[in-house]
Amino acid sequence: MECPVPQTVIAGNWKMYKTQREALAFLQAFLPLVSGVPAARELVLCVPFTALVPLADKLQGTSIQLGAQNVHWEDQGAFTGEIAAPMLVELGVRYVVVGHSERRQYFGETDQTVNGRLRAAQAHGLTPILCVGETKQQREAGQIESLIYRQLDQALVGVDPDNLVIAYEPIWAIGTGLTCETQEANRVIGLIRQRVGRPDITIQYGGSVKPGNIDELMAAPEINGVLVGGASLEPESFARIANYC
Ligand code: PGA
């Protein structure tokens with residue numbers, strides 16, 4: 001019997017960048033640059049809520065998937081400033097980033113709220129991209145494994161590993177230009193895979209992924225894709241990443 005292999009997922013996380021106009025200009029330049037990307041590579045744009053509608057329209061008939069950057073654990077309710085899974089599904093959103101370190105750091109996201117968001121996303125057929133990763137201090141204190149295992153164990157209670165992407169994003173590598181060594185990213189991702197117990201789960205690396213390091217990262221056996229912040233904002237750089245060798 002053949003073992004299922006993890007799907008490759010290349011996702012851009014635009015964070016709080018791009019108006020609708022800027023998002024459409026990006027897409028116009030980006031689409032021709034990725035027309036030759038092999039179909040086996042899933043390309044995802046995780047964009048601000050306001051850009052979802054215009055992009056959903058323009059992405060019809062392309063193989064690029066739409067992603068959001070947050071989802072609430074309730075289907076509706078008095079939660080000012082939040083967004084519910086049915087609202088995203090209605091727009092054609094397929095992926096949603098959950099538990100990004102910026103949400104944990106600035107918006108009080110905990111392993112428990114991450115768990116609620118993951119479950120709500122899956123209940124509505126969205127594929128969550130769960131972000132885990134350690135700070136520089138935790139790394140230096142030798143706490144990488146214990147921290148990541150805690151994040152995984154608490155976030156994944158009641159979560160279906162068959163409809164999940166995990167992104168290993170060492171916090172010290174995010175937006176800093178300090179990419180994690182490929183060998184080390186490969187090692188930690190291997191540990192994450194063992195902990196989750198699914199050989200075929202897609203696990204991405206994230207943190208200062210650029211055109212200059214994508215080929216090496218994607219050659220590592222455990223790395224099944226990337227979650228890209230800064231370098232996903234320019235059509236040329238994100239297209240180079242999508243077209244990795
Ligand atoms: P970066 O961000 O690529 O700008 O480091 C990655 C992320 O935050 O997902």
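The following exercises, each with a worked solution, concern a predicted model.

**Exercise 1. The barrel**

Determine how many strands form the closed barrel and in which sense they pair.

*Solution.* Step 1: Follow the order of the strands, which is β1-β2-β3-β4-β5-β6-β7-β8; this gives a closed barrel of eight strands. Step 2: Consider the sense of pairing, which is parallel. In general, strands of a sheet pair through backbone hydrogen bonds, either parallel or antiparallel. Step 3: Examine the pairing of strand β1 (residues 8–13) with strand β8 (residues 225–228): the two run parallel and are joined by four bridges. Within this pair, valine 9 stands opposite glycine 225 of β8.

**Exercise 2. Strand β3**

Identify the bridge partner of valine 44 in β3, and state whether the residues of strand β3 (residues 65–68) are buried or exposed.

*Solution.* Step 1: Locate the neighbouring strand β2 (residues 41–46), which pairs with β3 in the parallel sense over three bridges. Step 2: Find the partner of valine 44 in β3, which is glutamine 65. Step 3: Inspect the directions of the side chains. Gln65 and Gly67 point one way from the strand, whereas Leu66 and Ala68 point the other way. All of these residues are buried.

**Exercise 3. Two packed helices**

Classify the packing of helix α7 (residues 144–155) against helix α8 (residues 182–196) by angle, and give the handedness of the crossing.

*Solution.* Step 1: Take the angle between the helices, about 40 degrees, with the axes 11 Å apart. Step 2: Because of this angle, α7 is oblique to α8. Step 3: Note that the crossing of α7 and α8 is right-handed. Step 4: List the residues in contact. Helix α7 contributes Ile144, Glu145, Ile148, Tyr149, Leu152 and Asp153, while α8 contributes Glu184, Arg187, Val188, Leu191, Ile192, Arg195 and Val196. Step 5: Sort the contact of α7 with α8 by class, which yields eight nonpolar, no polar and five charged residues.

**Exercise 4. Lysine 210**

Describe where lysine 210 is found, and decide which class of exposure lysine 210 counts in.

*Solution.* Step 1: Place lysine 210 in the loop between β7 (202–206) and α9 (214–219). Step 2: Compare its relative accessibility of 32% with the limits: under 20% is buried and over 50% is exposed. Lysine 210 therefore counts as partly exposed. Step 3: Identify its contacts beyond four places in sequence, namely Gly177, Thr179, Ala231 and Ile241. Step 4: Consider arginine 119, which is 91 residues from lysine 210 along the chain; their C-alpha atoms are separated by 31 Å.

Key. Residues numbered from 1 in each chain as written. Predicted model: local features only at pLDDT ≥ 70, side-chain atom pairs only at ≥ 80, totals over all residues. Heavy atoms only, no water. Axes fitted to C-alpha atoms, helices over the stretch in contact; angles between N-to-C directions. Parallel < 35°, antiparallel > 145°, perpendicular 65-115°, else oblique. Left-handed = near helix turned anticlockwise from the far one by under 90°. Contact = heavy atoms within 4.5 Å. Nonpolar A, V, L, I, M, F, W, Y, C, P; charged D, E, K, R; others polar. Buried < 20%, exposed > 50% of the residue type's maximum accessible area, 1.4 Å probe, protein only. Pairing = 2+ DSSP bridges.
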